[in-house]
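Welcome to a short tour of a sheet and some of its charged pairs. Have the model open beside you as you read.

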Amino acid sequence: MKLRVSAVQYHLHTIRSFEDFAKQSEHYIKTAEEFGAEFILFPEFFTTQLMSIGDKQGNALTINHLPDFTEQYRDLFSSLAKQTNMHIIGGTHVIRKGDGLYNVAHLFYPDGRIAEQPKLHITPTEVKEWKMTPGENLQVFETEKGTIAILTCYDIEFPEIVRMAKARGADVIFCPSCTDDRHGFHRVRYSCHARAVENQVYVVTTGTVGSLPTVDFMRANFGQAAVITPNDIPFPPRGILAEGEINDDMIVTADLDLELLYQVRESGSVTTWRDRRTDLYPDWK
């Protein structure tokens, strides 16, 4: 089984309307479609661009206004998924449930279904400044091209949750991210490589680039897309199938061969998944 994936280094800049956001998003999706991609990944918090539209007085919207765009966001990406016959991981979008705000990754299927994976681990900034609520449950998602999981940014820094995703059958981890400096970027990037080695899975990651000068906590972005593999002989030595130019507005695309994962799990130079010592530490299910 092979699948082609694209990851968007989404360029954040001030816009005037939801239509501006829709046109930019469609541009990336149509580009990935031209490359023959079957999955496309957008970054975490890329819909914060909508906050730059502002109110009638010219003030930027706050995080509490972002859920007001949820219906438009879902309708847009669901329509584009059906039009292009692609699986769209629509980055994350902030939704409201009860009194809580949740940072939720959305998977838009080509047949119109929409699945959700809330971010499970919330950063101090998300807690203190935006009063975010963590999600409670990990899911894996069945697709025609295999089983995937979506773990957002900080989630990938916790080995246990990725172990759980792999134990439930995920072969590809999609990691939408948003980091504002080199430190945060490298924390996420190095964690993606570690999780690929530990679990013998592919990790597809990307981040926001550009800036939103009027939106608090989105004024700086440091991002790069990458398609990451285990470090074993069938794969590139550095474990990178493709990566973008740091902080450029662009898309990267690569082909994932799931059969290679199954081969290295069985007879690779190392067999990290098979060799875990569950007699010394608990297994994850």
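Let us start with E116, which is partly exposed at a relative accessible area of 21%. Its value is not under 20%, so E116 does not count as buried. In this predicted model, E116 forms a salt bridge with K97. That pair links distant parts of the chain, with E116 in strand β6 and K97 in strand β4, 19 residues apart. K97 is also partly exposed, with a relative accessible area of 45%.

**Salt bridges**

Side chains of opposite charge can pair when their charged atoms come close. A search of the whole structure finds 16 salt bridges, including these:

| Pair | Closest N and O atoms |
|---|---|
| E116 and K97 | 3.6 Å |
| D111 and R113 | 2.9 Å |
| E126 and K119 | 2.8 Å |

R113 counts as partly exposed, at 45% relative accessibility. E126 and K119, on the other hand, are both buried. These two also belong to a network of salt bridges that includes E44.

**The sheet**

Where does strand β6 sit in the sheet? The open sheet has 6 strands in the order β6-β5-β4-β3-β1-β14, with mixed pairing. Strand β6 (114-118) is an edge strand, as is β14 (250-257), and each pairs on one side only. From one strand to the next, the twist averages 30°.

Strands β1 (residues 2-9) and β3 (residues 39-41) run parallel and are joined by 3 bridges. Within this pairing, A7 stands opposite L41 in β3.

Helix α2 (residues 70-84) packs on the sheet and touches β4, β5 and β6, its direction making about 165° with that of β4. Helix α6 (residues 258-267) packs on the sheet too, touching β1 and β14, at about 55° to the direction of β14.

Note on methods
Residues are numbered from 1 along each chain as its sequence is written. This is a predicted model: local features need pLDDT of at least 70, side-chain atom pairs count only at pLDDT 80 or more; totals for chains, interfaces and linings use all residues. Side-chain values use heavy atoms; hydrogens and water are left out. Two strands pair if DSSP finds at least two bridges between them. Helices (H or I, at least four residues) and strands (E, at least two) are DSSP runs, numbered from the N terminus. Axes are lines fitted to C-alpha atoms, for helices over the stretch in contact, and angles run from 0 to 180 degrees between N-to-C directions. Contact means heavy atoms within 4.5 Å. A salt bridge is a side-chain nitrogen of Lys or Arg within 4 Å of a carboxyl oxygen of Asp or Glu. Buried means under 20% relative accessible area, exposed over 50%, partly exposed in between (1.4 Å probe, protein chains only).
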